[in-house]
Amino acid sequence: MTLHSDLSSNPIAQAKRLAAEKAIEYVEDGAVIGVGTGSTVAFFIEALGHIRQRIAGAVSSSEQSSLQLRQLGIEVLDLNSAGPLPLYVDGADECDPHKRLIKGGGAALTREKIIAQASKRFICIIDAGKRVDVLGRFPLPIEVVPMARSLVAREIVAQTGGQPVWREGVVTDNGNWVLDIHGLKITDPVAMETALNQITGVVSVGLFARRPADIVIIGGKTAELM
Ligand code: 5RP
């Protein structure tokens, strides 16, 4: 694919590919695989295409990933009929030492969170540049019901002191909008996720702390496990 051949000439893309290919080792025969969204996951889907006869299908977190899966001949299943999944593989925008994540740079956070919650094992695939000691350098994405955008933004300023910026022009696969909160230093990610989830009009919060990753595969010169 054009996207991949362009990306494969740069070291970050190579690191993403390495992490994604390592994750294939965790795919069990006959399983339905939960699939995230983003450029790292695109490498995972590509690798999944090579073993498509071994799996029963995939549950996808976005229209973008569904399209790539179908193009490679992998059946995309509805989570309601697939039931609990053995494995979910997804990327992240930031990862702390406790495997807590910021996600949603690709605006797919809500479906990603649902599939992560429905899965026994969540493997996060990242390049080494995504590792941080404290989450918050990457602006925290929040999916909001459109009519509540300003209401939620005001509440976020009051609660966190962060600066919400509307990701103008972006509409999620669920028909909602995204606010990115800048200037946060998230020292207690579970508490912040819990508090922000309570704001009326918030659909989901791009903090994956209550349900962190189980395994993080970090691509660099090699693929390392955290
Ligand atoms: C999409 C996500 C992605 O996992 C995250 O943005 C990382 O993307 P990439 O693999 O392209 O760096 O959360 O909503």
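I began with the helices and noted that H3 and H4 are roughly parallel to each other, because an angle under 35 degrees counts as such. The axes of H3 and helix H4 (residues 63–71) cross at roughly 20 degrees and come within 9 Å. I should record here that this is a predicted model. I also looked up the handedness, and H3 passes H4 in a right-handed crossing.

Next I turned to the other partner of H3. Helix H2 (residues 11–23) packs against helix H3 (residues 39–50) at an angle of about 45 degrees, and their axes are 8 Å apart. That angle makes H2 oblique to H3. For this pair I again noted the handedness, and H2 passes H3 in a right-handed crossing.

I then moved to the ligand and asked myself which residues around the ligand come nearest. There are 17 residues around the ligand, of which Ser39, Thr40, Asp93, Gly104 and Lys130 come nearest. Sorting the shell by residue class, I find 3 nonpolar, 8 polar and 6 charged residues.

For polar contacts I went through the side chains one at a time. Thr40 has a side-chain N or O atom 2.5 Å from an oxygen atom of the ligand, and for Asp93 the corresponding entry, again from a side-chain N or O atom to a ligand oxygen atom, is 2.7 Å. In Glu112, a polar side-chain atom lies 3.2 Å from an oxygen atom of the ligand. My last entry concerns burial: the ligand taken alone exposes 380 Å², and the protein buries 91% of that.

Definitions and conventions: Residues numbered from 1 in each chain as written. Predicted model: local features only at pLDDT ≥ 70, side-chain atom pairs only at ≥ 80, totals over all residues. Heavy atoms only, no water. Near = heavy atom within 4 Å. Polar contact = N/O pair within 3.5 Å; in protein donor to acceptor, adjacent residues only side chain to side chain. Areas by Shrake-Rupley, 256 points an atom, 1.4 Å probe, with all protein chains shown as cover. Nonpolar A, V, L, I, M, F, W, Y, C, P; charged D, E, K, R; others polar. Axes fitted to C-alpha atoms, helices over the stretch in contact; angles between N-to-C directions. Helix = DSSP H or I, 4+ residues; strand = E, 2+ residues; numbered from the N terminus. Parallel < 35°, antiparallel > 145°, perpendicular 65-115°, else oblique. Left-handed = near helix turned anticlockwise from the far one by under 90°.
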